[in-house]
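Thanks for coming. I have one structure to go through today, and I will keep to what can be read from it.

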Amino acid sequence: MARIACSHLMPSLLHPLKQQRNHYKLMGVVGGLSRGFSASSMKISMSLRAGIVGLPNVGKSTLFNAVVENGKAQAANFPFCTIEPNVGIVAVPDKRLNVLSDLSKSQRVVPASIEFVDIAGLVKGASQGEGLGNKFLSHIREVDSILQVVRCFEDNDIVHVNGKVDPKSDIDVINLELVFSDLDQIEKRIEKLKKGKGKDSQSKVKEEAERSALERIKEALMDGKPARSVSLTDFEKDAIKHLCLLTMKPVIFVANVAESDVADPGSNPYVNQVMNLASELQSGLVTISAQVESELTELPADERTEFLKSLGVSESGLGNLIRATYNLLGLRTYFTSGEKETKAWTILAGMTAPQAAGVIHSDFEKGFIRAETVSYDDFVAAGSLAAAREKGVVSLWSYKIFWTVCRKLYLYYQSIVCLMKIVNLPFIGLFS
Ligand SMILES: Nc1ncnc2c1ncn2[C@@H]1O[C@H](COP(=O)(O)OP(=O)(O)OP(=O)(O)O)[C@@H](O)[C@H]1O
Ligand SMILES: [Mg+2]
């Protein structure tokens, strides 16, 4: 199966709703799907979710409110201010959308989006249920990636649950709880797998892959390393996917600094500590002042520039945070463009063409037949899809050859059966 290795792919099959519907029917016939499909039943997967995680009272909700400009999460100076997760969708700025929209004369433009989820603070012992820990951990299980907010500002008026600002210890507490929670889940699962419920040989192979992957992950976790540090085959990744392991999720550390550090965060020794840990844990790092960002959103546009100038910086750190979240988490964009709309869709780097189509609708993945794709640059240079086709820069991602071969084999099989019957020979099934 062809792999989408780079961003900016544009499947021309995935256009406005009506075309999607027609195409779905076509795919249903060729791909063997018999279910009906109506526009009203279409549930579009809008965006991937980034969970804002950290100790209590480190600035998670303050950051959330700044990122999701109209977010109304309660942010206040007391631990466990947040209990239920706050959710907000944020557009990812991308200049290419307007260029495509002009070329296709689209009626509207829909940018890619990321869903930010502000999750309650975790404390030591969360994996054992401390501070409603199990409930909060289950909220983290539901996100695709983690933004771990780390307090890097001194302020005696803001309570620190462990009594002092110490990024290394804070990061260790959170990571250890995630590790414990994963270990607990893995041990239960391995016990279950030992009973070997797999009915056919295929499920037995999958169970074996899952067991072997989990044994290796368990070993890494016992060494305090995250599950994502273990190298797994795609098949193994797929076999353990259902567990939604917390330490498998990509992480960005968000060093939350004081207003006075915005211009030169490198001079803050706490930030340097976080930076070293981030590289050790194969994670990204963004430095931001949640307090400054939330104050900025309260100001009228003209006063924002003045405020930023007074702090010694030229722009807000939010655009950077959103883009970094998008890029560091291995997210990629592909576009669909037509008269009705030009739209950016978010996929994970390395997703296959059918998986990418599944972001629009899961049935597109199940019944995938083919997609025509063209790179953004080639499309813009050609000016239209027809011109791009003529230039030969459009690629085809297809199951067509596979189905053709299957069909030929099947016909061959049928003719042998027929022949055997005619000459009355004993027959051994080819596809038993
Ligand atoms: N960079 C910063 N500098 C100074 N104060 C900050 C900064 N970031 C956040 N704060 C303050 O810290 C306090 C706690 O913030 P917030 O409620 O956002 O934390 P939280 O992590 O969401 O807490 P909880 O886990 O309890 O929900 C607030 O009073 C907020 O104004
Ligand atoms: Mg909060």
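I will take the two sheets in turn, then the core, then the ligand shell. Please keep in mind that this is a predicted model.

Let me start with the six-stranded sheet. It is open, its pairing is mixed, and the strand order is β2-β4-β1-β5-β6-β7. The edges are β2, residues 86–91, and β7, residues 284–288; each has a single partner strand, so one side of each has no neighbour in the sheet. On average, neighbouring strands here are turned by 25° against each other, direction ignored.

Now the β7 end of that sheet. Strand β6, residues 251–256, runs parallel to β7, and five bridges join the two. One position to look at is phenylalanine 253, which stands opposite leucine 285 in β7. Helix α8, residues 269–280, packs on the sheet and touches β5, β6 and β7. The direction of α8 makes about 160° with that of β7.

There is another helix to place on this sheet. Helix α5 lies across β1, residues 48–53, and β5, residues 145–151. The angle at which α5 runs to β5 is about 145°.

That brings me to the core. Which residues have the most contacts inside the largest nonpolar core? They are Ile52, Val150 and Val254, in a core of 84 residues. The helix that gives the most to this core is α5, residues 167–194, with six residues.

Valine 150 is worth a closer look on the screen. Leaving out residues up to four places away in sequence, valine 150 touches Gly54, Val58, Pro167, Asp170, Ile171, Phe253, Val254, Ala255, Asn256 and Val274. Val254, on that list, is also among the residues with the most contacts inside the core. Phe253 is on the list too, and that is the residue I just showed opposite leucine 285.

Next, the other sheet. Three strands form it, in the order β3-β9-β8; it is open, and the pairing is again mixed. At the edges are β3, 108–110, and β8, 331–337, each pairing on one side only. From one strand to the next, the twist averages 20°.

Is β8 mostly covered or mostly open? Mostly covered: six of its seven residues are buried. This is an edge strand, and its partner is β9, residues 341–348, which runs antiparallel to β8 and is joined to it by seven bridges. Together β8 and β9 make a hairpin, with three residues between them. If you want to follow the pairing by residue, arginine 332 stands opposite isoleucine 347, and phenylalanine 335 has alanine 344 as its bridge partner.

Two helices go with this sheet. Helix α3, residues 96–104, packs on it and touches β3, β8 and β9; its direction makes about 140° with that of β9. Helix α12, residues 353–360, lies across β8 and β9 and runs at about 125° to β9.

Last, ligand 1. How many residues are around ligand 1? There are 26, and those that come nearest are Gly59, Ser61, Thr82, Gly121 and Gln291. By class, the shell has 13 nonpolar, eleven polar and two charged residues. Helices α2, 60–67, and α9, 290–298, each supply at least two residues of the shell. The largest share, three residues, comes from α2.

That is what I have; I am happy to go back to any part.

Key:
Residues numbered from 1 in each chain as written. Chains lettered and ligands numbered in written order. Predicted model: local features only at pLDDT ≥ 70, side-chain atom pairs only at ≥ 80, totals over all residues. Core = buried A, V, L, I, M, F, W, Y, C linked by C-beta atoms within 7 Å. Buried ≥ 20, exposed ≤ 12 C-beta atoms within 10 Å, placed from the backbone. Helix = DSSP H or I, 4+ residues; strand = E, 2+ residues; numbered from the N terminus. Contact = placed C-beta atoms within 7 Å. Pairing = 2+ DSSP bridges. Axes fitted to C-alpha atoms, helices over the stretch in contact; angles between N-to-C directions. Near = placed C-beta within 6 Å. Nonpolar A, V, L, I, M, F, W, Y, C, P; charged D, E, K, R; others polar.
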